[in-house]
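Student: I would like to learn how to read a few features in a structure. Could we go through them together?

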Amino acid sequence: MRLHRIRLRDFRGVHDREVTLAERGVTVLQGDNEVGKTSTVAALDLLFDAADSSRRLEIRQAQPAGVDAGPEVEAEVSTGPYRFVYRKRWLRRPRTELTVIAPAAEQLTGADAHARVSAILDETMDRVLWRGLRVEQHTAVGQADLGGQDALTRALDRAASGGTGGTAPRPDPSVDDGLVERAVEELRRYRTPSGRATGELRTAEVRLAAAETEYERCRAALEAVERDVAARDRLDADAAAVRTRRRAHAAEVAELEDRWAGLQSRLREVETARGRAVLARERADAARERREARDALVGAVDADAAVVTQATEALAAHADEHAAARDEREARRTADAAAREASTAARQQADEAARAVSAARDRAELADLAERLRRVEDATAGLQRAERVLAATTVDADDLADLEDLARDLMRAEAARDAAAARVELTAPEALTVEVDGETVMLAPGETRTLPVAGSRAVSLPGVLEVRVRPGLDEAGRDDAVRERARELAERCEDLGVADLEAARAARRGADDAARRAEEHRAALARELAGHGDAAALRAAHDAVRERLGETGPADLFSLAEPAPQADVSALRRASDAAREAGDAAARRADETAAACRAAEDAVRDADTRAAVLTERAADARHAHARRAEELRAAREAEADADLAAAEDERLVQAREAEREHESLAAALADDDPDTVEVRVVNARAVDERLAGEATRLEREHAETTGRLQAAGLEGWHDQHAAAATELESAVRDHDAVARRAAAAQRLHDTLARHRERVRRSYVAPFRAQVERLARIVFGSSLSLEIDEDLRITHRTLDGTTVAFAALSSGAQEQLGLCARLACAALVDPSDGVPVVIDDALGHTDPERLSRLGAVFTAATAADGAAQVIVLTCTPERYHGIGAATVVPLAPSRRPGERERDREAPPAGVDDTPARAPGTVVDLPRAPRAG
Amino acid sequence: MRFVHTADWQLGMTRRVLGARPPKEAAGGLTGEAQARFAQARLDAVSALGRLADERGADFVLVCGDVFESNLVGPDVVARACEALGSFRTPVLLLPGNHDPADAACVFRRPDFVRRCPPYVTVLDTPGVHEVAPGVEVVAAPWRSKHPLTDLVGEQLAALGPASPGTLRVLAGHGELDVLDPDDDEPARIRRDGVLAALADGRVHYVALGDRHSAWTDDADDRIRHAGTPEVTDFDEVDPGHVLVVDLDDRAAQVVIETVGRWRFLRHDARLDTDEDLEALDAWLAAHPEKERTAVRLALVGTVSLRQRSRLDDLLAAHDHAFAAVEVLAQHSELATVPDDADLDDLDLHGFAADAASELFAAASPGGAADDEARDALRLLHRLVGTPR
C-alpha cells in the first residue's frame with residue numbers, strides 16, 4: 001500500500017489540511033506540538049476501520065470543540081492493482097465516498113463503499129503488518145511482532161526458496177499455517193496435549209474395556225455351567241461306583257457278623273464261669289468271717305469278766321475315803337455353832353454400849369434446849385413490856401414536829417416584839433437597886449441594864465421614883481401576836497395530853513427507847529429460835545428429847561438432871577468402840593468356821609456322787625458280762641466251734657475249683673482271638689457307614705449341582721454371552737478404526753509440524769541478513785544477531801560480546817527495533833508493502849548514532865519499489881541525517897474566525913494556488929461550510 | 001405315511017455380522033434391530049413349516065437336533081419357541097442335538113420349557129425306539145453330551161432288530177456322515193456303511209439327519225437325507241431355508257423340498273481397480289431386493305487411489321444402512337490403497353505443507369514402506385484441505 005495524499009477537515013485541531021507524501025523513500029512531516037501530526041495517522045486508521053455511522057470515542061474526540069461540523073478525512077491510496085480516493089465524514093451528515101481510479105473506474109457511496117474498501121484492503125494488504133511496522137509516539141521502540149506476518153512470510157518464503165524472482169504469483173503459503181492448526185484440532189479430538197486419550201478414542205477404549213469385562217464375565221459363567229454339567233456326569237458315575245462297593249462290602253460284613261455272634265455266646269459262657277468262681281470265693285470268705293466272729297466273741301466275754309473285777313475293787317477302795325469325809329464334816333459343824341454363839345454375845349454388848357452413848361448425848365441436848373426455852377420466855381416478856389410502853393405513848397414523831405414548829409413561831413413572835421419594843425436603859429453610877437415591874441434589880445455601878453418595853457413597864461426606884469413606860473400601838477399588836485402563839489401552843493399541848501413541849505419531848509424519847517428494847521428482844525428471840533422456827537417447835541423438840549430419855553412427866557425445865565459431864569461421854573464412846581470391835585472379830589470367826597463347814601459338806605457330797613458312779617459301773621460291767629456269756633452260750637448251742645472250722649475248709653476248696661474252671665474256659669476263648677474279630681467287625685461297620693456317608697454326600701452335591709444348573713438355565717447365559725461377544729467384536733472394530741484415525745492425525749500433525757519448523761528455520765536466515773545489513777551501519781561491522789523462529793531478535797553480539805536483547809540499553813533496543821522494521825519494509829514485496837510510520841521515535845539515541853540511523857533509512861529505502869517511510873517529528877534535527885528525505889513542514893491550520901481574532905497577517909502568497917507537488921501542504925482559506 | 005423332516009432351527013441364535021447394540025443405546029437401535037428381526041425370522045420359519053405340515057396333512061414333524069442354539073438360551077427365547085410350537089396342529093418330535101444335548105443342563109428339561117411345552121410335542125431324549133403312531137416307529141439317537149465318543153446312530157442301528165411287518169421305521173440322528181466330512185479324529189461321525197446296511201435289510205426305512213445346514217441327499221440311497229436349516233444362518237451355507245415333506249412306504253420315499261426361509265446371507269467377490277469397478281459394485285449392491293433381510297459379505301481385491309478409497313467408503317456406508325449388514329472381509333480382502341499423482345495434485349499445497357504431503361505420499365506408495373498410517377494421514381490431509389478455513 002502507498003499513501004499519496006491525506007486531507008483532514010475539522011479533525012481535532014486541524015481545520016483543513018492536505019498533505020502530499022513522497023511515493024517512495026522517507027517523508028518527514030515536521031511541525032510543532034499540537035500541529036496535528038499524530039492526528040494524521042489516527043485519521044487514516046479511522047478512515048479504514050470506522051463506518052461513517054460510528055460514534056466511537058476516538059471519533060467523538062476528533063470533533064473540534066465549538067464547531068458544528070463533523071470530522072472529515074480523505075485519502076488517495078494505491079494498493080495492489082488498485083488506486084482510489086476514499087472520503088468519510090462522521091457525526092454531522094455522515095457520508096462515505098469511494099472513487100476507484102484504477103484498474104477500472106468505480107464510484108460507490110455509503111456502506112457499499114466501506115465494504116468495497118475493506119475487501120480491497122483485505123485482498124491486497126497485510127493489515128497486521130501495517131500495525132506492526134508502526135512506532136507510536138512516546139512508546140519505546142521495542143520488538144515488532146513479525147512472526148506469522150503474512151506479507152513478511154511470503155517475502156521470506158521467496159527469499160528462502162532462493163528467490164524465484166516472483167515470475168509467477170505464488171499462492172499464499174499462510175494457508176499452510178491454518179492447515180497445521182486444523183491438524184492440531186483433529187489430533188485434539190483424540191489426544192490431549194499431554195498425550196492422554198480423549199474424546200472418541202477415550203470412549204472407544206472405555207467401551208472396549210467394558211466389552212472385554214462383560215465378555216469375560218459371560219464366558220466365566222458359561223464355563224461354570226459347563227463345569228457343572230461335567231460335575232453332574234461325574235457325580236452320577238461316582239454314585240454308581242459307591243453303590244457297587246456297598247453291595248460288595250455287605251457280604252463281607254455278614255460273614256464277620258456271624259463269626260462275631262458265635263464268639264459272643266462263648267464269651268457269655270466264660271462270663272458265667274467267672275460269676276460262679278466269684279460266688280464260691282465269696283462264700284468261702286463268709287465262712288471264714290463267721291469263724292473269726294466266734295473267736296472274737298469268746299475274747300470279749302473274757303474281757304468283760306476282767307472289767308467287773310476292776311469295778312468292784314474300785315468301789316471298795318472308795319468306802320474309806322467316804323467315811324473320813326463324813327467325820328470331818330461333823331467336827332466342822334460343832335465349831336461353827338460355838339463361833340456363832342460367841343458372835344451373838346459380842347454383838348449384844350456392843351449394842352448396849354452404843355445405847356449408853358446415845359442417852360448421854362440426848363441428855364446434853366435436853367439441857368441445851370431447856371436453857372434456850374428459858375431465854376425465849378425472858379425475851380417474850382421484855383418484848384411485851386416494851387410494846388405496852390409504845391402503846392401508852394400519845395405523841396408520835398409528827399406531833400412533836402408540829403409542837404416544835406409552834407414553839408418556834410412563838411419564839412419568833414417574841415423576838416419580833418422584843419426587837420420592835422422600846423428599851424429602857426438603866427444605868428446607875430452607883431450600885432442601885434431598882435424595882436422593875438415589881439422585881440428588884442440590882443444595878444452594879446456602871447452597869448447598864450436594858451429593858452425592852454413590851455407592855456407597860458414600871459421602873460421604880462423604891463421610893464424615889466415611879467417610872468411607867470407604856471408601849472405604843474404597834475408594840476401592843478406584836479404583843480398580841482405573841483400571846484396568840486402562846487395560846488396555840490398551849491392548845492396543842494393540851495390536845496396531845498402533855499403539859500408542854502418539854503413533856504412532849506420526854507414522852508417521845510421514852511417511846512423511842514421502848515421501840516429499841518423491843519427490837520433487841522426480837523433479835524434475841526430470832527437467835528434462840530434459829531433452827532426451830534418458833535417457840536412451839538422448840539418446845540416440841542425439847543419434848544421429843546425428853547420422851548427419848550423416858551421422862552414422860554410434865555416438862556420441867558429446871559427439874560432435869562444436869563447433863564453428864566463430857567468426860568463420861570468419851571469413856572462411854574471408847575467402851576462402845578471396843579465392844580463393836582470385839583463383836584466384829586467374833587463375826588469374822590463365825591464366817592470362817594461356816595466356810596470350813598461348807599467345804600466339808602461339799603467334800604461329803606462329792607464322795608457320795610463318786611460312790612454312786614462306781615456302784616453303777618460295777619453293775620453295768622456285771623450286766624454286760626452276763627449278756628455276752630449268754631450270747632456265747634446261745635451261739636455254741638446253735639453251732640459248735642468245731643463245725644465252723646470244718647465249714648470254712650470245705651468252702652475254700654469249692655472256691656478254688658470254680659476259679660480253675662473259669663481260667664480254663666477263658667484260655668480256650670483267647671486262643672480264638674475274639675479281639676481281632678471284634679476289630680474287624682467294627683471296621684467293617686465303619687466302612688459301611690463311610691460308604692453311606694459318601695452316598696449321602698454325592699446325593700447332596702448332585703442336588704446342589706442340579707439346583708445351580710436349573711438357576712443357570714433361567715439366566716439365559718448363552719444369550720448374554722452372544723451379546724457380549726458381538727459387542728466385543730464391534731468394540732474392537734470401533735477401537736481399531738478410531739485408533740487408526742488417531743494415529744493418522746498424530747502422523748499428519750507431526751509431519752506438518754516438522755516441515756513447518758524446518759521452513760521457519762529457513763526464514764530466519766534472510767531476515768537476519770537484512771536486519772544485520774542495516775544494523776551494522778549503526779553498530780559497526782562486528783555486529784551479528786541471533787533471531788528465533790518467531791523473527792524476534794534474541795541476542796546481539798558486538799566485538800565478540802553477546803548480550804540478550806532485553807539486557808540491551810533502551811537506545812540500542814530502539815535502534816535494533818527500528819532496523820528490524822526497516823528491514824521488514826525492505827524485504828516485503830512492493831505490492832505487499834505497507835508504509836512504516838514512525839511517530840517521533842529515537843528519543844534515546846545519541847547524535848552520533850542518529851546520523852548513522854539516517855544512513856540506515858537511506859539504505860532501507862534505496863531499493864527500487866521499496867516501501868514508504870513516514871516520520872513524524874517535532875525535532876527535525878533528529879532526522880537531518882536522512883539523505884533522501886522529503887521534508888514537509890506542517891503549520892497550524894486554523895479557522896478563519898480564529899485567524900481574524902488573532903489579527904494575524906495572512907501569509908505571503910496566500911492567493912497563489914500552489915502546484916500539487918509531492919511534499920507540499922495546501923492550506924487554503926475558504927468560506928465556512930454551510931450548517 | 002407322510003411327515004415333515006426338518007432340523008437345525010437354532011432358536012436363540014445371534015449373528016455378529018448383524019452388529020452389536022452400541023453401549024448405552026436404547027433397545028431398537030439400528031443394529032440391535034437387525035438382530036431382533038433375524039431372531040423373529042427364525043421363529044417365523046418355524047411357524048411357516050408348522051402351517052405347511054398342517055396343509056400337507058403330515059402325521060408328524062420330526063426335528064433332527066439343534067432346536068435351540070444352546071441349552072442356556074434365555075427364558076424369553078424358550079417362551080417364544082413354545083409359542084411358535086403352540087401354533088402347530090401336528091405332533092412334533094424334538095431330538096436333542098450337539099447344541100442342545102440331553103445333558104444335565106438340557107433345555108427340554110428346564111421348568112420354563114416343560115411348563116409351556118404343548119402336549120403334542122415329544123422330546124426324544126431317550127435313545128431307542130419310540131412308537132409315534134400305530135405302525136410308525138422313530139428310532140432316536142439323541143446327543144447326551146456335547147462331546148460323544150461314539151457314533152450314536154451306529155450304536156442305535158447295532159442294537160436294532162428287524163421291524164415287525166407293516167411297521168415303518170424312521171431313524172432320527174444328528175451329525176455328519178463320514179463321507180461328507182472324512183475327519184478321522186472325530187469319533188462321533190456317522191458311519192455311512194452301517195446306515196446303508198440298515199436301510200438295505202429293512203431295519204429302518206428312512207434316515208432323517210440334522211446338523212448340516214443345507215439340504216442334502218445321499219447318492220447311493222435317497223432315503224438318507226439332511227433337511228438343512230429352515231432359515232439361513234451363515235454365508236457358507238449352500239442350500240438353506242428348506243424343509244422336506246416325506247411320503248414313505250417300506251420300499252421308497254417321495255420327498256418334496258419346500259422353501260420357508262426368507263433371509264439371505266450373500267458373499268460377493270469383487271475386483272476394484274477403476275472407477276467403473278466401483279460403479280459396478282455400487283450397482284450390484286443397489287440391485288438387491290429385500291435388502292433388510294440380506295447380509296452381504298464382500299471380499300474385495302484390487303488397487304484403488306485415495307480418492308477411490310474414499311468413494312468406496314462412502315458408498316459402503318450408504319448401502320450399510322439399507323442392508324441388514326454389509327461386511328468387508330478383512331482377512332480375504334486384498335484391496336490396496338495406493339495414492340496416485342492425481343491425489344497429490346488435488347491437494348494443491350505449497351511450502352512446507354507440500355513437503356509434508358510429499359513425504360507422506362512417498363511413505364504410502366508401494367515403492368516405499370506401503371505404510372498404512374501414512375496413507376490414513378494422507379486421507380486426513382485431503383479431508384482437512386477440503387475443509388473451508
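Tutor: Gladly! Let's start with contact, which means heavy atoms within 4.5 Å. Helices (H or I, at least four residues) and strands (E, at least two) are DSSP runs, numbered from the N terminus. Axes are lines fitted to C-alpha atoms, for helices over the stretch in contact, and angles run from 0 to 180 degrees between N-to-C directions. This is a predicted model, where local features need pLDDT of at least 70, side-chain atom pairs count only at pLDDT 80 or more, and totals for chains, interfaces and linings use all residues. Residues are numbered from 1 along each chain as its sequence is written, chains are lettered from A and ligands numbered from 1 in the order in which they are written, and side-chain values use heavy atoms, leaving out hydrogens and water.

Student: Which helix lies across β15 and β16 of chain A?

Tutor: That is helix α15 (residues 717-779) of chain A, running at about 145 degrees to β15(A).

Student: How are the strands of the sheet ordered?

Tutor: In general, strands of a sheet pair through backbone hydrogen bonds, either parallel or antiparallel. Two strands count as paired if DSSP finds at least two bridges between them. Here three strands of chain A make an open, antiparallel sheet in the order β15-β16-β17. Its edge strands, each pairing on one side only, are β15 (784-787) and β17 (801-804) of chain A. From one strand to the next, the twist averages 20 degrees. Strand β16 (residues 793-798) of chain A pairs with β17(A) over four bridges, in the antiparallel sense, and A:H795 stands opposite A:A804 in β17(A).

Student: How many salt bridges are there over all chains?

Tutor: Side chains of opposite charge can pair when their charged atoms come close. A salt bridge is a side-chain nitrogen of Lys or Arg within 4 Å of a carboxyl oxygen of Asp or Glu. The whole structure holds 101 of them. One of these joins A:R89 and A:E72, with the closest N and O atoms 3.4 Å apart. A:R89 sits in strand β5 (residues 82-89) of chain A and A:E72 in strand β4 (residues 72-79) of chain A, 17 residues apart.

Student: Are A:R89 and A:E72 buried or exposed?

Tutor: Both are buried, meaning under 20% relative accessible area, with exposed being over 50% and partly exposed in between (1.4 Å probe, protein chains only).

Student: Which salt bridge crosses between chains?

Tutor: Look at B:K146 and A:E226, at 2.9 Å from N to O. The pair runs from the loop between β6 (136-140) and α4 (152-159) of chain B to helix α7 (residues 199-392) of chain A. B:K146 counts as partly exposed because its relative accessibility is 34%, and A:E226 is partly exposed at 35%.
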